Amino acid sequence: MTKPIPSVDCRMPTRAGVVRAAEKIAALLPQTPLLPLELPGGALVWCKAESLQPVGAFKIRGAWHRLSDLTDEERQRGIVAVSSGNHAQGVAWAARRLGIAARIVMPNDAPAVKLEATRALGAEIVLYDRPGGEDRDEVALRLTAQSGATLVHAYGDPWVIEGQGSCGVELAAQMECLSGGTPTRVVTPCGGGGLAAGLALALPNAEIVPVEPEGWDDVARSLESGTIQRVSAGAPPTACDALQTPATFPINFAVMMSRGLKGISVTEAEVRAAQALAFARLRLVIEPGGAAGLAAVLAGKVPTDGRTAIVLSGGNVDPAAFAAMIAQT
């Protein structure tokens, strides 16, 4: 069982909060495209290209909703965030736009492209030893205790969950316009469960399917067992760095359990196949973690019905690594 996070408001996220977040995001950013994709075999799915956000991932949504709701006094004290890279960039982008000082706890093995992009947005990076088992939340809590800054967790925060849910509000409106109906199912990459929980609030009539890398399927095991499970100590290496979270948090878990979500996992080979397909058919560069949902559908692990949507959650991948993967696929 995970420990609660001090300094994060204990309120639960709501669908009304998701709708408000969607209105705030719509006033700030253009919608990301919802693209039709014909799979091998002829099935049609709809892909929400969150990789085309200004920071290359959906995380800008939760970051903006959270930071723009801070009081003037909270803004003056600054914020501390934890992230493997995409939340870091979303927070850094929002903090720079709002004039807020940001310190972000990131793993020392994060992709260089994500570290460099976060620094370029003006945030201070505090590295922690992820391979050595250092607890990033403990590092963040020490920093907030020293400075009085507000903690902006990557997924265990009601504003962040609501902000991520704005993706579902957009998706539903776009699908209604393009296909005459709302989604029956949304397949989404899942790390800590912020996006999955937000989508569950945004789309109460759709099935939400969280997808994790093999060996990092703590959310799926948690939902199956009814209690929060941690990633196993011997979890295998994965290219899906954005989905390497140690465990979900009670706030996310409660939302997902209330909707009866069931998670699945995908292999590294299935993720690479999904990245290659997105590049070939949609002309999109998708990072490994961002392709997990498409990987599950492509591998036949999730059924489709013509109104199944897939979130392509991020595209922040090292160019050389992506080119090598495409060449080998």
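Me: Is I25 buried or exposed, and at what relative accessibility?

Reply: In this predicted model, I25 counts as buried because its relative accessibility is 2%, and the cut-off for that class is under 20% relative accessible area. I25 has its place in helix α1, which runs over residues 15-26.

Me: Which residues does I25 touch, not counting residues up to four places away in sequence?

Reply: With those close positions set aside, I25 touches R61, W64, S166 and E170. A related separation is that between the C-alpha atoms of I25 and I60, which lie 9.1 Å from each other although 35 residues separate them along the chain.

Me: Where is α2 in terms of cover, and how many of its residues are buried?

Reply: The count for α2 is 9 of 9 residues buried, so this helix is largely enclosed by the rest of the structure. Its buried residues include R61 and W64, both of which are touched by I25, and R66 is also one of them. The elements that cover the buried residues of α2 include α1, β2, α3, α4 (86-98), β6 and α7.

Me: How should I read a salt bridge, and which residue forms one with E170?

Reply: The general idea is that side chains of opposite charge can pair when their charged atoms come close. Here E170 forms a salt bridge with K48, and the closest N and O atoms are 2.7 Å apart. Because E170 lies in helix α7 (residues 158-179) and K48 in strand β2 (residues 44-49), the pair ties together parts that are 122 residues apart in sequence. Both E170 and K48 are buried.

Me: Which residues are linked with E170 in a network of salt bridges?

Reply: The network links E170 with K48, E50 and R61. R61 is among the buried residues of α2, and R61 and E170 both appear among the residues that I25 touches. A search of the whole structure finds 15 salt bridges.

Me: Which side chain does D157 meet in a salt bridge?

Reply: The partner of D157 is R66, with a distance of 2.8 Å from N to O. This pair links distant parts of the chain, since D157 is in the loop between β6 (150-152) and α7 while R66 is in helix α2 (residues 60-68), 91 residues apart. D157 is buried, and R66 is buried too.

Me: Why are R77 and E73 separated by about one helical turn?

Reply: The general point is that an α-helix has 3.6 residues a turn, so residues three or four places apart point the same way. R77 and E73 are 4 residues apart in helix α3 (residues 72-77), which means about one helical turn between them. They form a salt bridge whose closest N and O atoms are 3.0 Å apart. R77 is partly exposed, at a relative accessible area of 37%, whereas E73 is exposed, at 54%.

Me: What is the nearest side chain of opposite charge to D137, and how far away is it?

Reply: That side chain is R136, at 4.3 Å, and D137 is buried yet has no salt bridge. The cut-off that matters for this reading is 4 Å between the nitrogen and the carboxyl oxygen. D137 does have a polar contact of 3.0 Å, which joins its side chain to that of H153. Apart from neighbours within four places in sequence, D137 is in contact with V82, H153 and F249, and D137 itself lies in helix α6 (residues 136-147).

Me: How do I read phi, and what is the value near which phi of R283 lies?

Reply: The general background is that most residues other than glycine have a negative phi. Phi of R283 is near 60 degrees, a positive value in a residue other than glycine. R283 is found in the loop between α11 (268-282) and α12 (292-298), and R283 counts as exposed because its relative accessibility is 64%.

Me: What radius of gyration does the protein have, and what would a compact globule with 329 residues have?

Reply: The protein has 18 Å, which agrees with the value near 20 Å for a compact globule with 329 residues. Along the principal axes, the C-alpha atoms fill a box of roughly 55 × 40 × 40 Å. Buried residues make up 57% of the 329 residues, and the exposed area is about 12,400 Å², of which carbon and sulfur atoms supply 54%. The secondary structure comes to 13 helices and 10 strands. Among contacts between residues at least 6 apart in sequence, 70% join residues at least 24 apart.

Technical notes:
Residues are numbered from 1 along each chain as its sequence is written. This is a predicted model: local features need pLDDT of at least 70, side-chain atom pairs count only at pLDDT 80 or more; totals for chains, interfaces and linings use all residues. Side-chain values use heavy atoms; hydrogens and water are left out. Helices (H or I, at least four residues) and strands (E, at least two) are DSSP runs, numbered from the N terminus. Buried means under 20% relative accessible area, exposed over 50%, partly exposed in between (1.4 Å probe, protein chains only). Lys and Arg count as positive and Asp and Glu as negative; His and the chain ends are not counted. A polar contact is a pair of N or O atoms within 3.5 Å; within protein, one must be able to donate a hydrogen and the other to accept it, and residues adjacent in sequence count only if both atoms are side-chain atoms. Contact means heavy atoms within 4.5 Å. The radius of gyration is taken over C-alpha atoms; the globule rule is 2.2 Å times the number of residues to the power 0.38. Accessible areas come from the Shrake-Rupley method with a 1.4 Å probe; for residues, only the protein chains shown count as cover.
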